[in-house]
Amino acid sequence: MELGLASSRGALLPAAAPPLASPRPRSSPSLQIQNHIYSMPALSHKAHTPLACQASLATKYMETPEIVDLDWENLGFGLVNTDFMYMAKCGPDGNFSKGEMVPFGPIALSPSAGVLNYGQGLFEGLKAYRKTDGSVLLFRPKENAIRMINGSDRMCMPAPTVEQFVDAVKLTVLANKRAPPTGKGSLYIRPLLIGSGAILGLAPAPEYTFIIYVSPVGNYFKEGLAPINLIIEDNFHRAAPGGTGGVKTIGNYASVLKAQRTAKEKGYSDVLYLDAVHNKYLEEVSSCNIFVVKGNTVCTPALEGTILPGITRKSIIEVAESKGYKVEERPVSVDELLTADEVFCTGTAVVVSPVGSITYLGKRVEYEGNQGVGAVSQQLYTSLTSLQMGLAEDRMGWTVQLN
């Protein structure tokens, strides 16, 4: 897969790494509120002689000793405008064009684009971490590529191959490599696949765009590795059998915003959804999977088409089994949840988040632990993050190192 590094004037950028930048006018807001947009130090993009971008160039491209200066302790999970994003197009033939890096910024879309009118879009989420030796680790990027391929089939969209996806992720990370520093936060990677072609009647779009952008992030929940408080939603449902709950389509997330906003206004961290048929079995939280611990058994709802097959979920199951826990994937009732020893959530953004309390029909159940963090949650969090950050030997073969 040949990849180009395009500047805003169409010329290719040099092998030397520029500092991170925002191509738009900047402001300097406080970094204490999550989910805001922040900017990095600015850079002037200069045109240079075109250079072919092979893998060797991509490796040299980002050699820089600088680390971006951010308030990592208060950053939260908010957007930080970085330098570059990746873009590739796909026409009616189903083949994606040569991808290129372009300055991060707005994209042009027809008002009749398939993604705007009919919601034909998917996204992924994964992270990169910096090791103590300065190299960068990706965590299971092939799993994200496979999940996008599966989702694209459900949404009648073409998808990049696993190789194209992983190569594009690598190049995007290298092009924005100064963040994060070792041991503080991570570089969140957001691949997007959208129906960008104009369409009026209900049909698949005639053109698709594959985009990857990145942002340095801190903790998703302001609590960090501290207990979060969930409320069970007994009115709205996230997904139904036969729908799209099992794929990472953009529409799944808009539908949870109302219940989530109501819950946060009442002081809860997020919402836990029940199944749409019996209204008694756990499904997932707005953007993460749920686990219930009882004794030496760790249970999580089975994947039956309404629950997203989380990559962190899959990883935690394998780590838990390697630690000697009995793991069960099956229907998990509210009653089991309310009598559990501990509960935790998993996801790319949250990693592992222990649950301190569950509120259901006005009844609040609290879970004990070391400052609200259960022993199993702590053990699995430490084991997984040690792998992700390169602090422990990767015997699973899950990480991909970028030098």
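Which residues form a nonpolar patch on the surface? In this predicted model, the patch is made by Ile-107, Leu-109 and Leu-116, which together have about 240 Å² of accessible area. One of these residues, Ile-107, can be found in the loop between strand 5 (99–103) and helix 2 (114–118), and with a relative accessibility of 37% it counts as partly exposed.

From this patch we can step back to the chain as a whole. The chain contains nine helices and 20 strands, and of its 403 residues, 53% are buried. Its accessible surface comes to about 17,700 Å², and 51% of that surface belongs to carbon and sulfur atoms. If one considers the contacts in the chain with a separation of 6 or more, 73% of them are accounted for by residues 24 or more positions apart.

A single residue in the interior shows what such contacts look like. Ile-189 has its place in strand 9 (residues 186–195), and at 0% relative accessibility it counts as buried. When its neighbours within four places in sequence are left aside, Ile-189 is in contact with a list of residues that includes Glu-124, Gly-125, Leu-126, Leu-138, Val-169, Ile-212 and Val-214. Val-173 is also among the contacts of Ile-189; these two residues are 16 residues apart along the chain, and their C-alpha atoms are separated by 7.8 Å.

Helix 6 lets us look at burial along one element. In this helix, which spans residues 257–265, the buried residues are Ala-259, Gln-260 and Ala-263. Seen down the axis of helix 6, these buried residues fall within an arc of 100°, and therefore they line one face of the helix. Arg-261 and Glu-265, on the other side of helix 6, are exposed. What covers the buried residues of helix 6? The cover includes strand 11 (228–233) and strand 12 (270–274). Just after the helix, the backbone at Gly-267 takes a positive phi of about 100°.

A positive phi deserves a closer look when the residue is not a glycine. Most residues other than glycine have a negative phi. Cys-156, however, has a phi near 55°, and this residue is placed in the loop between helix 3 (141–154) and helix 4 (162–175). Val-351 likewise has a positive phi, near 65°, but its place is in strand 18 (residues 351–360), and with a relative accessible area of 9% Val-351 is buried.

We can now turn to links between side chains, beginning with the cysteines. How many disulfides are there? The count comes to zero. Cys-345 helps to illustrate this result: its closest cysteine sulfur, in Cys-288, is 4.2 Å away, which is too far for a bond, since a disulfide needs the two sulfur atoms to be within 2.5 Å. Cys-345 itself counts as buried, at 0% relative accessibility, and another cysteine, Cys-90, is also buried, with a relative accessible area of 1%.

Salt bridges, in contrast to disulfides, are present, and their count comes to 13. Glu-143 and Arg-140 meet through their side chains in one of them, with an N to O distance of 3.6 Å, and Arg-140 is buried, with a relative accessible area of 8%. These two residues also belong to a network of salt bridges, in which Arg-140, Glu-143, Lys-314 and Glu-318 are linked.

A further salt bridge joins Glu-329 and Arg-313, whose closest N and O atoms are 2.7 Å apart. Because Glu-329 lies in strand 16 (residues 326–329) and Arg-313 in helix 7 (residues 311–322), the pair ties together parts that are 16 residues apart in sequence. The two partners fall into separate classes of accessibility, for Glu-329 counts as partly exposed at 44%, whereas Arg-313 counts as buried at 3%.

The last pair to consider is Glu-336 and Arg-330, which form a salt bridge with their closest N and O atoms 2.7 Å apart. Here Glu-336 is partly exposed, with a relative accessible area of 28%, and Arg-330, at 25% relative accessibility, counts as partly exposed too.

Key: Residues are numbered from 1 along each chain as its sequence is written. This is a predicted model: local features need pLDDT of at least 70, side-chain atom pairs count only at pLDDT 80 or more; totals for chains, interfaces and linings use all residues. Side-chain values use heavy atoms; hydrogens and water are left out. Buried means under 20% relative accessible area, exposed over 50%, partly exposed in between (1.4 Å probe, protein chains only). Helices (H or I, at least four residues) and strands (E, at least two) are DSSP runs, numbered from the N terminus. The arc is that of the directions from the helix axis to the C-beta atoms. Contact means heavy atoms within 4.5 Å. Patches are made of residues with over 30% relative accessible area and no salt bridge: like charges are joined within 9 Å, nonpolar side chains (Val, Leu, Ile, Met, Phe, Trp, Tyr) within 5 Å. Accessible areas come from the Shrake-Rupley method with a 1.4 Å probe; for residues, only the protein chains shown count as cover. A salt bridge is a side-chain nitrogen of Lys or Arg within 4 Å of a carboxyl oxygen of Asp or Glu.
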